[in-house]
Amino acid sequence: MDKEDLFNQALGMKERAYTPYSHFKVGASVLADNGKLYGGCNIEIASYSPTICAERVAIFKAISDGAKRIEAIAVTGDAKDTMPCGVCRQVLVEFADPRAKVYIVNGKDDFKEYTLEEILPYSFSKSDLGR
Ligand code: ZN
């Protein structure tokens, strides 16, 4: 995987964010098991509840396109070191390996690298349901 492509897509997706209420833009890009990159941006709705994060847009685009697993994700936001929210971390647990890379991107050469397990330890997953 070329991290630069992942980072560039996340940075580009941030510019597409629809954030008329918070004005806080987030972009994400995921590398799926089919070798494709899928991007997402946060999208806010006036009644707030339907609002969705960039990470979930990207993940759901991948899964709806036929991908089965997420191998890596890059996230970039208006604040330095913008981290995925708890809901998105839980969605990642559904589709990604605990060792999947989570890149928090501030710029092409300014990023932090974590594993999913590091940002959501002791998670609840489908294995807890015995499935
Ligand atoms: Zn989120």
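In this predicted model, the donors of the zinc ion are spaced along the chain as C-x31-C-x2-C. Cysteine 53 and cysteine 85 stand 32 residues apart and bring together distant parts of the chain. Cysteine 53 belongs to the loop between strand S2 (37-41) and helix H2 (54-64), whereas cysteine 85 belongs to the loop between strand S3 (70-77) and helix H3 (86-95). The protein donor atoms are the SG atoms of Cys53, Cys85 and Cys88, at 2.2 to 2.3 Å from the zinc ion. Cysteine 53 has a relative accessibility of 22%, and it therefore counts as partly exposed, because the buried class is limited to values under 20%. Cysteine 85 is likewise partly exposed, at 30%. Cys88, by contrast, is listed among the buried residues of H3.

The other buried residues of H3 are Arg89, Val91, Leu92, Val93 and Phe95. The elements covering the buried residues of this helix include H2, S3, S4 and helix H4 (116-119).

The strands of the model form an open sheet of 5 members with mixed pairing, in the order S2-S1-S3-S4-S5. S2 and strand S5 (110-115) are the edge strands, each of them pairing on one side only. From one strand to the next, the twist averages 20°. Although S2 is an edge strand, 4 of its 5 residues are buried, so S2 is largely enclosed by the rest of the structure.

Strand S1 (residues 26-32) runs antiparallel to S2 and is joined to it by 5 bridges. These two strands make up a hairpin with 4 residues between them. Within the turn, glycine 35 has a positive phi of about 85°. S1 is also antiparallel to S3, and 7 bridges connect that pair. Alanine 28 illustrates both pairings: it stands opposite glycine 40 in S2 and opposite valine 75 in S3.

Two helices were examined with respect to the sheet. H1 lies across S1, S2, S3, S4 and S5, and runs at about 145° to S1. H2 lies across S1, S2 and S3, with an angle of about 145° to S2.

Aromatic contacts were considered next. The structure contains 4 aromatic pairs. One of them is formed by phenylalanine 7 and tyrosine 103, in an edge-to-face arrangement with 5.3 Å between the ring centres and 65° between the planes. This pair links distant parts of the chain, since phenylalanine 7 is in helix H1 (residues 3-14) and tyrosine 103 is in strand S4 (residues 96-107), 96 residues apart. Both residues are buried: the relative accessibility is 2% for phenylalanine 7 and 4% for tyrosine 103. Together with Phe111, these two residues form one aromatic cluster.

Tyr103 is also among the residues touched by methionine 1, along with Leu6, Leu31 and Ala72, when residues up to four places away in sequence are not counted. Methionine 1 is located in the segment before H1. Despite these contacts, methionine 1 counts as exposed, with a relative accessibility of 55%. Its C-alpha is 8.5 Å from that of glycine 35, although the two residues are 34 residues apart in sequence. Glycine 35 is the residue in the turn of the S1 and S2 hairpin described above.

Note on methods: Residues are numbered from 1 along each chain as its sequence is written. This is a predicted model: local features need pLDDT of at least 70, side-chain atom pairs count only at pLDDT 80 or more; totals for chains, interfaces and linings use all residues. Side-chain values use heavy atoms; hydrogens and water are left out. Donors are N, O and S atoms within 2.8 Å of the metal (3.2 Å for Na, K and Ca); water is not among the atoms, so sites may look incomplete. Buried means under 20% relative accessible area, exposed over 50%, partly exposed in between (1.4 Å probe, protein chains only). Two strands pair if DSSP finds at least two bridges between them. Rings of Phe, Tyr and Trp (its six-membered ring) pair if their centres lie within 6.5 Å; planes under 30 degrees apart count as stacked, over 60 as edge-to-face and the rest as tilted. Contact means heavy atoms within 4.5 Å. Axes are lines fitted to C-alpha atoms, for helices over the stretch in contact, and angles run from 0 to 180 degrees between N-to-C directions.
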